[in-house]
Amino acid sequence: MKYEIMGGNLPAVICKLSKGEKIVCESGAMSWMDDAFTMETSGGGLKKMFGKAFSGESMFSNTYTADRDGEIAFASSFPGEILAVEIGPGRSIIAQKKAFLASESGVEMSVFFQKKLSGGFFGGEGFIMEKFTGNGFVFLEIDGSVMEYNLAPGERKIMDTGHLVMMEDTCSLTVETVKGIKNKFLGGEGLFNTVVTGPGKVVIQTMPIAKTAELISALIPSSNS
């Protein structure tokens, strides 16, 4: 498979598949394609379907098989970027829910439960995330712009909740309360921060869609006004 990411701030990944190659996406994610593909919808078994439903994803996924050479495209649903991550032996990643756009058929997605409940209840990234293993490329949807950091062993990156997109599975995630009463209630940064500790790569997004929605909703006049 070959791919190209185009479209600037409203991107799409255009994947060029040879005959017999396959690509997998969430139900409804395909944007356009050549008349060269056969689609098959599946749930991947009851356990996998339950895990997807529990994580907020669609229980079903679509596999597109190229009957001959052709192009298939997957567009982002929000202004931002599309990040291509290669998965392979010794390299697995953990990503925020809803980040998954599409992947090669050799990539396996499973539900990842954070070990510490506080990370799920207060971290903003959710108690349930998604883990990607296997071989091939996975395409992740980024809200805003991508910021990438390679953390050394023990090095920490502290971020406001909702900004974490992805980390390698060698990293660990915890949640810390903002120190100081005045900082908590007057600082405007919320009560908690997400902390990722290396070693490994961490990817941060600059414009989480949840925060954007909060800003927009605050500008919409209420029906009582």
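The place of Pro-199 is in the loop that runs between β18 (192-197) and β19. Pro-199 is joined to Gly-198 by a cis peptide bond, with omega at about 25°. It makes a handy entry point to this structure, which is a predicted model.

**The chain as a whole**

Let's step back for a moment. The secondary structure of the chain comes to four helices and 19 strands. Of its 225 residues, 43% count as buried. The accessible surface comes to about 12000 Å², and carbon and sulfur atoms hold 57% of that area. Contacts in the chain with a separation of 6 or more are made, for 78% of them, by residues 24 or more positions apart.

**From the cis bond into a sheet of six strands**

Just past the loop with Pro-199 comes strand β19, which covers residues 200-205 and pairs with β14 in the antiparallel sense over six bridges. Within that pairing, Leu-151 has Gly-200 of β19 as its bridge partner. Both strands belong to an open sheet of six strands in the order β11-β12-β9-β16-β19-β14, with antiparallel pairing. At the edges of this sheet are β11 and β14 (146-151), each of which pairs on one side only. Neighbouring strands here are turned by 20° against each other on average, direction ignored.

At the other end of the order, strand β11 (residues 107-113) pairs with β12 over seven antiparallel bridges. Ser-110 finds its bridge partner in Lys-131 of β12. Strand β12 (residues 128-134) is also joined to strand β9 (residues 93-95), by three bridges and again antiparallel. There, Ile-93 stands opposite Phe-132 of β12.

Further along the chain from β9 is a backbone detail that deserves a look. Lys-98, found in the loop between β9 and β10 (100-104), has a positive phi of about 75° although it is not a glycine. Is Lys-98 buried or exposed? With a relative accessible area of 52%, Lys-98 is exposed; the cut-off for that class is over 50%.

Another lysine to inspect is Lys-157. Its charged end sits over the ring of Tyr-149, 3.9 Å from the ring centre.

**The sheet of four strands**

An open sheet of four strands has the order β1-β2-β7-β4, and its pairing is antiparallel. Here β1 and β4 (30-33) stand at the edges with a single partner strand each, so one side of each is left without a neighbour in the sheet. On average, and with direction ignored, neighbouring strands of this sheet are turned by 20° against each other.

Inside the order, strand β2 (residues 12-17) and strand β7 (residues 70-75) run antiparallel and are joined by six bridges. Ile-14 has Ala-73 of β7 as its bridge partner. Ile-14 also comes up when we turn to Glu-4, a residue of strand β1. The C-alpha atoms of Glu-4 and Ile-14 are separated by 5.3 Å, although the two are ten residues apart along the chain. Leaving aside residues up to four places away in sequence, Glu-4 touches Ala-12, Val-13 and Ile-14.

**Aromatic rings across the sequence**

How many aromatic pairs does a search of the whole structure find? It finds three. One of them joins Tyr-3 and Phe-139 edge-to-face, at 5.1 Å centre to centre and with 75° between the planes. Tyr-3 lies in strand β1 (residues 2-6) and Phe-139 in strand β13 (residues 136-143), so the pair ties together parts that are 136 residues apart in sequence. Tyr-3, Phe-137 and Phe-139 form one aromatic cluster.

The table sets out the accessibility of four residues met along the way.

| Residue | Relative accessibility | Class |
|---|---|---|
| Tyr-3 | 34% | partly exposed |
| Glu-4 | 40% | partly exposed |
| Lys-98 | 52% | exposed |
| Phe-139 | 0% | buried |

The rows for Tyr-3 and Phe-139 add to the picture of their pair: Tyr-3 is partly exposed, whereas Phe-139 counts as buried. In strand β1, then, we have met Tyr-3 with its partner ring in β13, and Glu-4 with its contacts to Ala-12, Val-13 and Ile-14.

Definitions and conventions:
Residues numbered from 1 in each chain as written. Predicted model: local features only at pLDDT ≥ 70, side-chain atom pairs only at ≥ 80, totals over all residues. Heavy atoms only, no water. Phe/Tyr/Trp six-rings, centres within 6.5 Å; stacked < 30°, edge-to-face > 60°. Helix = DSSP H or I, 4+ residues; strand = E, 2+ residues; numbered from the N terminus. Buried < 20%, exposed > 50% of the residue type's maximum accessible area, 1.4 Å probe, protein only. Lys NZ or Arg CZ within 6 Å of the ring centre and 35° of its normal. Contact = heavy atoms within 4.5 Å. Areas by Shrake-Rupley, 256 points an atom, 1.4 Å probe, with all protein chains shown as cover. Pairing = 2+ DSSP bridges. Axes fitted to C-alpha atoms, helices over the stretch in contact; angles between N-to-C directions.
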